[in-house]
Amino acid sequence: MQKLTIDQIISKIEAEETFHAISYDSSFSLKIHDYAHYICGAVHDGHQFRKELLGNCLHTEYDRWYEEDPETKNMIVSHPIVLAGCDSRFEYDLNRAPENAIYEDAWGKQLWKKPLTCEERQKSLNKHNAFYEVVHALIHKIESKFGMAIVYDIHSYNWKRWDRAVPTWNLGTTNVDSVRFDKDIESWRQSLSELSLPNGIASTAKVNDTFQGNGYFLKFISKNFENTLVLATEIAKVYCDEYDYITYPEVVAAVELQLRDRLVTHANAFYKRHSKQ
């Protein structure tokens, strides 16, 4: 894996070069093995936390892990274009707008012992801004090349905190054109519901049941690119024990293996349907 500046990453995208790189500050990674008509993202996969901020943080490592989306990158790792955050959302949240990306409190608990300095905040925001420069360049390239693009925006959520039955998979679609893309949304929901998971885990899938797809990653792409569909796809953390801090690698592997085919099948059907239009 190469370490590249933002300008170098964007230059490679513009030249349609294949590469596997981490940003110069190690804040995100991007793999492009082929310029396909679909992109996989895992913006909350990261767990890194700047050492200079660690002593000022009131949340433990477990607190941070609990609210992050661990293993989401591993679920999509085999696909040709994979963009993933490396830093924890507790430093700055890539799925929030810049003005709200740095938490003051997180899930009802104060985050910092003392307020961050302007310099500390700006260092995090610079990484947030750089990520979205690359997002814009990447989507522009794919949409220009194919006319359409689809982004699978993979997240996870803590299902045990809900006091009702919740789906294994939730699609958030309130900020996409659900009339234009209704068949794509339903076929993706149906495909996810058909996954076979180990340990007796059911694979149910619903739309806008637990989350509605209000993330900045989706909104940024949808605002700037009218021919790109972003499918905010949340898996309940059935692949780990969210209270005991244990991951079930066999469940992660089962999801990854089945998404190799199901995701490609769905992306190809999306392109076939909309490229005709």
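Reader: How many helices and strands does the chain have?

Author: Eight helices and 13 strands. Helices (H or I, at least four residues) and strands (E, at least two) are DSSP runs, numbered from the N terminus. A word on the ground rules: this is a predicted model, where local features need pLDDT of at least 70, side-chain atom pairs count only at pLDDT 80 or more, and totals for chains, interfaces and linings use all residues. Residues are numbered from 1 along each chain as its sequence is written, and side-chain values use heavy atoms, with hydrogens and water left out.

Reader: What radius of gyration would a compact globule with 277 residues have, and what does the chain have?

Author: The radius is taken over C-alpha atoms, and the globule rule is 2.2 Å times the number of residues to the power 0.38. For 277 residues that gives a value near 19 Å, and the chain agrees at 18 Å. Its C-alpha trace spans about 55 × 45 × 35 Å along the principal axes.

Reader: And what share of the residues is buried?

Author: Buried means under 20% relative accessible area, exposed means over 50%, and partly exposed is in between (1.4 Å probe, protein chains only). Here, buried residues make up 56% of the 277.

Reader: How do I read contacts along the chain, and what percentage joins residues 24 or more positions apart?

Author: Contact means heavy atoms within 4.5 Å. Take the contacts with a separation of 6 or more: residues 24 or more positions apart account for 76% of them. L58 gives you a case to look at. L58 sits in the loop between α2 (51–54) and α3 (61–67), yet its C-alpha is 7.0 Å from that of Q110, 52 residues away in sequence. Leaving aside neighbours within four places in sequence, L58 touches K109, Q110, L111, W112 and K113. With a relative accessible area of 34%, L58 is partly exposed.

Reader: Now P167: which loop holds it, and is P167 buried or exposed?

Author: Look between β8 (149–157) and β9 (169–172) for the loop. P167 counts as buried because its relative accessibility is 3%. Not counting residues up to four places away in sequence, its contacts include Y157, T204, K206 and A236. P167 and V207 are 40 residues apart in sequence, with 9.3 Å between their C-alpha atoms.

Reader: Which bond is a disulfide, and how many does a search of the whole structure find?

Author: A disulfide is a covalent bond between the sulfur atoms of two cysteines. The cut-off used is a pair of cysteine sulfur atoms within 2.5 Å. The search finds zero.

Reader: Why is C40 not bonded to C86?

Author: The sulfur of C40 is 16 Å from that of C86, its closest cysteine sulfur, so the gap is too far for a bond. C57 is in no disulfide either; the nearest cysteine sulfur, again that of C86, is 19 Å away. Both cysteines are buried: C40 has 0% relative accessibility, and C57 has 9%.

Reader: What about backbone angles: what is phi of E16, and where does E16 lie?

Author: Phi of E16 is near 60 degrees, a positive value in a residue other than glycine. E16 lies in the loop between α1 (6–14) and β2 (19–23), and is partly exposed at 34% relative accessible area. N199 also has a positive phi, near 65 degrees. You'll find N199 in the loop between α6 (182–193) and β10 (205–207); N199 is exposed, with a relative accessible area of 54%.
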